[in-house]
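User: Please take a close look at one helix of this chain and tell me how it sits in the rest of the structure. Some context on the chain around it would help.

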Amino acid sequence: MQNNIKPEFDGEAKEMEKNEMGGDSNLAEGQNQLERGLKSRHIQFLALGGAIGTGLFVGSGGILSETGPAPLFMGYVSMMMVVWCVMNVLAEMVTYLPMKGISVPYFIGRFVDPSLAFAAGWNYWYAYAVLVAAETSAASIVLQYWNAPVHVAVWISIVLVVMLLLNVIAVSFFGEAEFWFASLKLITILGLIILGVVLFFGGGPNHDRLGFRYWNHPGAFKEYMAPGNTGKFLAYWHAFVKAGFAFITSPELIAIAAGETVDPRRNIPKAARRFIWRLAIFYGVSSLIIGIIVPSDSKDLLGASNASASPFVLGIQRAGIGGLNHAINAAILTSAWSAGNSFLYSGSRVLYSMALSGQAPKIFRITNRRGVPYVAVLFTWAFGLLSYLNISNTGATVFNWFVNISTISGFIAWIVVMITYLRFRKAFEFNGLLHTLPYRTPLQPYATWVVLFIISLLTLTNGFQVFWPDKFNAANFLAAYITLPIFLVLYLGHKLYFKTPFMIPVAEIDITTGKKEMDELAEMEIIREPKNWLQKAWFWIA
């Protein structure tokens, strides 16, 4: 078998394969390096912090209102399986080359095509920037629950300023802040799950045993867009699409943070293996609890009226537990803050990495003495100002715009990730080196092919409502599909201008540049040995 292995780090490889744009991606060389300040607990909670946000706490209420409790639960479980595959393929690639300044577009350019990497990079940045605005918008919805005599613009300003400050300080401080933000969210979710079980069996103040009452009346399914079984299936499919917002780009958070992670060859697989189980508990069980404690015909759910609120808060309010609804609403507010914090971090790192590879202006390469790419942070943060649209529109309307735009961007990103992994794996098979990967996941490459088909279908049908007779709405159509032509223009424009090949031939894919340095880094890492049972438990958790 032909073996296309380049010298480990010779003079030609120093510039990390200059791309068609004329930029040099010197990630292996060690220049413009970020600080490795994220520990195991930081990297695991960063991913969870991005995943557990307003998609679950607020957006789930909109799904329940439109489709009913059964499609809500089924949609989240289905999307969890998709996310599991995306996380696995990213973890395999990133564990192999956890270089500083790395990002998903770097792998796309190296294993597939520079033009696709260019389009994907800007798509990722665009998604993260919109998500910053979405989380800020969600925070304003949560704050309006209290009917405080403060203009919504004031709350939005406070949320945005805190996000900015946490991202321009040292990365270790950011990681620590995100760890505690995420810890609060996890405690909140666990508390809500326990509360849901208690209310299910009638343990609330009024001793009213809920059981699956709301699954019987108003019903498990709400027929969506059509009567009968067709309407029930469309309700499930709509919930499946909408559930994507809760998970979108969260697997990539671990990949983006790999270059700033201590002992990445150990901590990335550790985080990836636990990610799906934690999502199963927090999303799977939580989505079931929501359908138990709140009826789908509640007028206060997201989109049902202007007075939108989290379904968890509404459930507590209905149960008559005094004061707890305010405490949970406050915790949900911090979750929006935390998720926005994570997305601002991720968007700035994508922009920084693209600048290193010549796919974004060089100014975004600039870092401060603490290793923070503050110019990229400021530019990404500026798009969070779109959240001020809440001033002239209802919070639910603006939030849904951001949800639709970011969800389709995330689906496109996952399609490209699947393609990249298939090329990555093909290159290793071609060189007979598949067995040398430091981390391998089950059911590959078959799971990737199945998920690639599912995500492609979700992307094409995510706005199917606008094609229904007499249901066309220009604003909803643009929100659902505007990202597709933008992505194609970026991809085709780059390809035509730089005349790049359709794909890098498998025989020419470089699978060794930077490997030697990462292997040496892994050998230098010191394995932590627990001194007692308490440390052993802590090391397992964090």
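Analyst: A residue is called buried here when its relative accessible area is under 20%, exposed when it is over 50%, and partly exposed in between. By that rule, 62% of the 542 residues in the chain are buried. The model is a predicted one. Its chain has 20 helices and 0 strands. Of the contacts with a separation of 6 or more, 81% join residues 24 or more positions apart. The accessible surface of the chain is about 20900 Å², and carbon and sulfur atoms hold 66% of that area.

The helix chosen for the close look is α16, which covers residues 446–461. With 16 residues at 1.5 Å a residue, α16 should span 22 Å, and its end C-alpha atoms are 23 Å apart, which agrees. The buried residues in α16 are Ala-447, Thr-448, Val-451, Leu-452, Ile-455, Leu-458 and Thr-459. Seen down the axis of α16, these buried residues fall within an arc of 130 degrees, so they line one face of the helix. On the face turned away from that buried side, α16 carries the exposed residues Tyr-446, Trp-449, Phe-453 and Leu-460.

Helix α9 (residues 228–247) offers a second case. Its 20 residues should span 28 Å, and the end C-alpha atoms of α9 are 30 Å apart, which agrees. In α9, 14 of the 20 residues are buried, so this helix is largely enclosed by the rest of the structure. Just after α9, Thr-249 takes a positive phi of about 65 degrees.

Next, the charged pairs. The chain has 4 salt bridges. One of them joins the side chains of Asp-510 and Arg-110, at 3.8 Å from N to O. Asp-510 lies in the loop between α18 (483–498) and α19 (515–524), and Arg-110 in helix α4 (residues 104–111), so the pair ties together parts that are 400 residues apart in sequence. Both Asp-510 and Arg-110 are buried. Another salt bridge, between Arg-425 and Glu-429, has an N to O distance of 3.4 Å. Arg-425 and Glu-429 both belong to helix α15 (residues 395–430) and are 4 residues apart, about one turn of the helix. Arg-425 is buried, with a relative accessible area of 10%, whereas Glu-429 is partly exposed at 35%.

On the surface, Ile-363, Ile-366, Tyr-374 and Leu-378 make a nonpolar patch of about 330 Å². Ile-366 is in the loop between α13 (324–356) and α14 (374–382), and counts as partly exposed at 37% relative accessibility.

Key:
Residues are numbered from 1 along each chain as its sequence is written. This is a predicted model: local features need pLDDT of at least 70, side-chain atom pairs count only at pLDDT 80 or more; totals for chains, interfaces and linings use all residues. Side-chain values use heavy atoms; hydrogens and water are left out. Helices (H or I, at least four residues) and strands (E, at least two) are DSSP runs, numbered from the N terminus. Buried means under 20% relative accessible area, exposed over 50%, partly exposed in between (1.4 Å probe, protein chains only). Contact means heavy atoms within 4.5 Å. Accessible areas come from the Shrake-Rupley method with a 1.4 Å probe; for residues, only the protein chains shown count as cover. The expected span of a helix is 1.5 Å times one less than its number of residues. The arc is that of the directions from the helix axis to the C-beta atoms. Patches are made of residues with over 30% relative accessible area and no salt bridge: like charges are joined within 9 Å, nonpolar side chains (Val, Leu, Ile, Met, Phe, Trp, Tyr) within 5 Å.
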